[in-house]
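Biologist: I am new to reading structures, and I would like a close look at the side chains that pair up in this one. Could you take me through them slowly, with the charged pairs at the start and the rings afterwards?

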Amino acid sequence: MKNKDLILYIHGWNSHRDARKALLLKDKINPSKNFQVESITLQSHPKEAILQLSKFIEKERGERKVHLVGSSLGGYYATFLSEKYNLKSVMINPAVWAYKIFKNDMGENKNLNTNESYIIDEEWVASLKEIFVEKPNSENYLVLLQTGDETLNYKFSAEYYDGSKIIIDEGGNHSFENLEIKIPQMLLHFS
């Protein structure tokens with residue numbers, strides 16, 4: 001029996017492995033015979049998070065195909081990793097210029113899901129700039145956006161991923177409403 005393809009869900013800022021979207025995807029996809037969803041709680045520092053994700057991907061790639069689903073800051077990470085490893089990825093309301101966005105959050109921060117406290121400083125923001133991808137390979141991405149995203153302007157993502165398959169829903173929010181109805185398109189993208 002062949003191994004199921006791995007879909008690695010990469011959560012957003014101040015989230016964790018059991019985020020709502022991670023659990024939804026696991027619940028809906030893991031019973032399938034072709035795909036298995038996994039997620040890990042990321043370290044708060046971008047360098048550490050990228051190292052964690054890279055090690056995980058490299059270990060799994062030896063056994064099976066790996067695909068990524070990135071949400072918000074997780075989409076920013078997934079873009080870097082998709083380019084590094086040439087992986088198919090689904091972006092859910094992704095952050096595209098995270099190194100600019102997080103200048104607004106400098107100082108003390110706390111992930112209420114893990115109770116981890118940490119500092120966002122110039123080095124933290126610079127580490128995001130180091131992994132910025134100037135022009136993503138459009139063939140690797142399916143981009144899911146909602147116009148009602150109250151955190152990120154969906155138009156920036158539509159412009160950044162221009163040429164990729166992009167689905168824009170009217171309304172919704174940053175958490176992405178009705179994600180379950182996008183699962184068939186996600187799996188088709190990975191097939």
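Modeller: Let's begin with aspartate 169 and lysine 182, whose side chains meet in a salt bridge with 3.0 Å from N to O. Keep in mind as we go that this is a predicted model. The partners come from distant parts of the chain: aspartate 169 belongs to strand β8 (residues 165-169), while lysine 182 lies in the loop between β8 and α7 (183-190). In sequence they are 13 residues apart. Are these two charged residues buried or exposed? Aspartate 169 has a relative accessible area of 17%, so it is buried, since the cut-off is under 20%. Lysine 182, at 8% relative accessibility, counts as buried too. Elsewhere, salt bridges with shared partners join Lys47, Glu123 and Glu130 into one network.

In general, side chains of opposite charge can pair when their charged atoms come close. A search of the whole structure finds 7 salt bridges, and two others are worth a look. Glutamate 60 and arginine 64 meet through their side chains at 2.9 Å, N to O. Glutamate 60 counts as buried at 10% relative accessibility, and arginine 64 counts as buried at 15%. Now turn to arginine 17 and aspartate 18, which form a salt bridge with their closest N and O atoms 3.8 Å apart. Here aspartate 18 is partly exposed, at 36% relative accessibility, and arginine 17 is partly exposed with a relative accessible area of 36%.

Next, the rings. A pair of aromatic rings is described by the distance of the centres and the angle of the planes. The search of the whole structure finds 9 aromatic pairs. One of them joins phenylalanine 102 and tryptophan 124, with 5.3 Å from centre to centre and 55 degrees between the planes, a tilted arrangement. This pair also links distant parts of the chain, 22 residues apart: phenylalanine 102 is in the loop between α4 (98-101) and β5 (107-111), and tryptophan 124 is in helix α5 (residues 122-130). Phenylalanine 102 counts as buried at 5% relative accessibility, and tryptophan 124 counts as buried at 1%.

Phenylalanine 132 and tyrosine 160 make another pair: their ring centres are 6.0 Å apart and their planes stand at 35 degrees, so this pair is tilted. Because phenylalanine 132 lies in the loop between α5 and β7 (141-146) and tyrosine 160 in helix α6 (residues 154-160), the pair ties together parts that are 28 residues apart in sequence. Both phenylalanine 132 and tyrosine 160 are buried. They also belong to a cluster linked by ring pairs, together with Trp97, Tyr99, Tyr141, Phe156 and Tyr161. At tryptophan 97 a charge joins the picture, as the charged end of lysine 100 sits over the tryptophan 97 ring, 5.4 Å from its centre.

Let's finish with asparagine 93, in the loop between β4 (89-92) and α4. Asparagine 93 counts as buried, at 1% relative accessibility. A polar atom of its side chain lies 3.0 Å from the backbone oxygen of asparagine 173. Leaving aside neighbours within four places in sequence, asparagine 93 is in contact with several residues, among them Ser72, Leu144, Gln146, Asp149, Asn173 and Phe176.

Key: Residues are numbered from 1 along each chain as its sequence is written. This is a predicted model: local features need pLDDT of at least 70, side-chain atom pairs count only at pLDDT 80 or more; totals for chains, interfaces and linings use all residues. Side-chain values use heavy atoms; hydrogens and water are left out. Rings of Phe, Tyr and Trp (its six-membered ring) pair if their centres lie within 6.5 Å; planes under 30 degrees apart count as stacked, over 60 as edge-to-face and the rest as tilted. Helices (H or I, at least four residues) and strands (E, at least two) are DSSP runs, numbered from the N terminus. Buried means under 20% relative accessible area, exposed over 50%, partly exposed in between (1.4 Å probe, protein chains only). A charge sits over a ring if NZ of Lys or CZ of Arg is within 6 Å of the ring centre and within 35 degrees of the ring normal. A polar contact is a pair of N or O atoms within 3.5 Å; within protein, one must be able to donate a hydrogen and the other to accept it, and residues adjacent in sequence count only if both atoms are side-chain atoms. Contact means heavy atoms within 4.5 Å. A salt bridge is a side-chain nitrogen of Lys or Arg within 4 Å of a carboxyl oxygen of Asp or Glu.
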